[in-house]
Every structure is written in C-alpha cells, then in structure tokens.
Amino acid sequence: MSRIVDEPYFTHSAYSAFTTGIQVKCPKCHGTGVVTADDDNAYFRCLSCGHQETRDRTIYRYDVHNQCKNCGRYYRVDIEDETKQHFFVLHVACPYCGATTPGAVYKTAEAFSCGSEIRGGQDPWLGLELWFLTSFQGKPVWALNREHLAYLIAYLSADLREKPSGSQKKTQADHLPTFMKTAKNRERIVKLLKKLQEG
C-alpha cells in the first residue's frame, strides 16, 4: 500500500515557481524553455535554441488628460488599444462635448503583476504554453515543472493520502480540481501524467 503525506498549500504554485521556473514551449522552436521572474521582470530562456525574452512585470495605465478647447472642461480618457499606447500624442474625443483635441499620452505605473494563476494552460507572465499540458475529458491537466509533475503522479496514485501534521488547514491537493481527485478518474489521469513525464 502506497502512502503520501501532502505538501503545504503553496509548494507548487506559479508564485513559488519564481525561482525554480515554469517549463513552457518555446515560441520559436517549440522546444522546452523556462520562465522565471524576479521583483521587476519575467524572463524566458529556451533550453533548445537559446531564444530569450524579458517582460516588465509592472502594469501600466495609458491615458490622455487634457482641457477641452471647445467646452473648457478637464478630462482623462484611458487608452485601452495597445497599438495606440506608444504614441506621444493622440487625438481623442472629449467625453463631455465630443470635440476632438490632441493630447499627450501619459504612462503611469498602476499595479504589479504577481502572476499567481495559470489560465488557459499558459504561464502568467509571458503567456507561453506550458510544457506539461494535456487534457482529460475536455478539461486541462497541467504541471508547472518536473517537480510538480512528480508530486501529481505520487499524490494521485497513492492508496492513502494524509494531511501534513501541524496547524495548516490547506494543502497542495486543495489546488487540484475535483475531477482529478475523483476515484474513478485518478488512474486514467496518472497514465496521462506519466506520458507527459516520458516526453
């Protein structure tokens, strides 16, 4: 009988993978690469072709604030269109009277991307597809890296799963969707995960 003591809640999360790295597919050669992050930037490095990318983790707000030459009122209009955010001056309509006036585009640091969630099978910082990604009955099944994949296989294939000792109420298994923990699905999901492990 195999037994596993579950790990703490944040052991395998995108946030904890800051330093260990999230394994992803390279956008250039489709080989394996690693996404890491520090306090300022997210970094991608392909282990196959050497391609690299860096992205600022700061979230910026782009807007034009101006005084309308027609009605005299002050206004601020957010620039949502990414293709227009890099212009120095834009012609925008006054939200009060509709008159179009040129105004300077301002870039303001508004927030900081923590990057804590995996959505759509992509890393949270650069949006690259996870290396360990498959599906079960139309639902995504993924792992952040080899360590996370090994944990999933060990946890789902164990006969006895125990919570760690101490006062922790949540464990790593609390991240798992119900369909993965359901007894009738576990064996088939473990087979899928083992195929990912071999690749």
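1. Contact here means heavy atoms within 4.5 Å. By that rule Met180 touches Val141, Leu152, Leu156, Arg186 and Ile189, leaving aside residues up to four places away in sequence. The model is a predicted one, and this applies to every point below.

2. Met180 belongs to the largest nonpolar core, which has 20 residues. Together with Leu156, Ile189 and Leu193, Met180 touches the most other members of that core. Two or more residues each come from strand S10 (132-136), strand S11 (139-143), helix H2 (146-157), helix H3 (178-181) and helix H4 (183-198). Helix H2 gives the largest share, six residues. As a general matter, nonpolar side chains in soluble globular proteins tend to be buried together.

3. There is also a second core, separate from the one above, with 17 residues. Among its members are Ala17, Cys26, Ala42 and Leu130.

4. Turning to charged pairs, the count of salt bridges is five. In general, side chains of opposite charge can pair when their charged atoms come close. The bridges taken up below include one between strands S1 and S12 and two between strands S6 and S7.

5. Arg3 and Glu162 form a salt bridge through their side chains, at 2.9 Å from N to O. Because Arg3 is in strand S1 (residues 3-5) and Glu162 in strand S12 (residues 160-162), this pair ties together parts that are 159 residues apart in sequence. Arg3 counts as exposed, with 55% relative accessibility, while Glu162 counts as partly exposed at 26%.

6. Another salt bridge joins the side chains of Arg61 and Asp78, with an N to O distance of 2.7 Å. Arg61 lies in strand S6 (residues 58-67) and Asp78 in strand S7 (residues 74-78), so the bridge ties together parts 17 residues apart in sequence. Asp78 is partly exposed, at 36% relative accessibility.

7. Asp63 and Arg76 also form a salt bridge, their closest N and O atoms being 3.7 Å apart. Since Asp63 is in strand S6 and Arg76 in strand S7, the parts tied together here are 13 residues apart in sequence. Is Asp63 buried or exposed? Asp63 has a relative accessible area of 3%, and buried means under 20%, so Asp63 is buried. Its partner Arg76 is partly exposed, with a relative accessible area of 48%.

8. The pairs in points 6 and 7 belong together: Arg61, Asp63, Arg76 and Asp78 are joined into one network by salt bridges that share partners.

Conventions
Residues are numbered from 1 along each chain as its sequence is written. This is a predicted model: local features need pLDDT of at least 70, side-chain atom pairs count only at pLDDT 80 or more; totals for chains, interfaces and linings use all residues. Side-chain values use heavy atoms; hydrogens and water are left out. A nonpolar core is a set of buried Ala, Val, Leu, Ile, Met, Phe, Trp, Tyr and Cys residues joined through side-chain atoms within 4.5 Å. Buried means under 20% relative accessible area, exposed over 50%, partly exposed in between (1.4 Å probe, protein chains only). Helices (H or I, at least four residues) and strands (E, at least two) are DSSP runs, numbered from the N terminus. A salt bridge is a side-chain nitrogen of Lys or Arg within 4 Å of a carboxyl oxygen of Asp or Glu.
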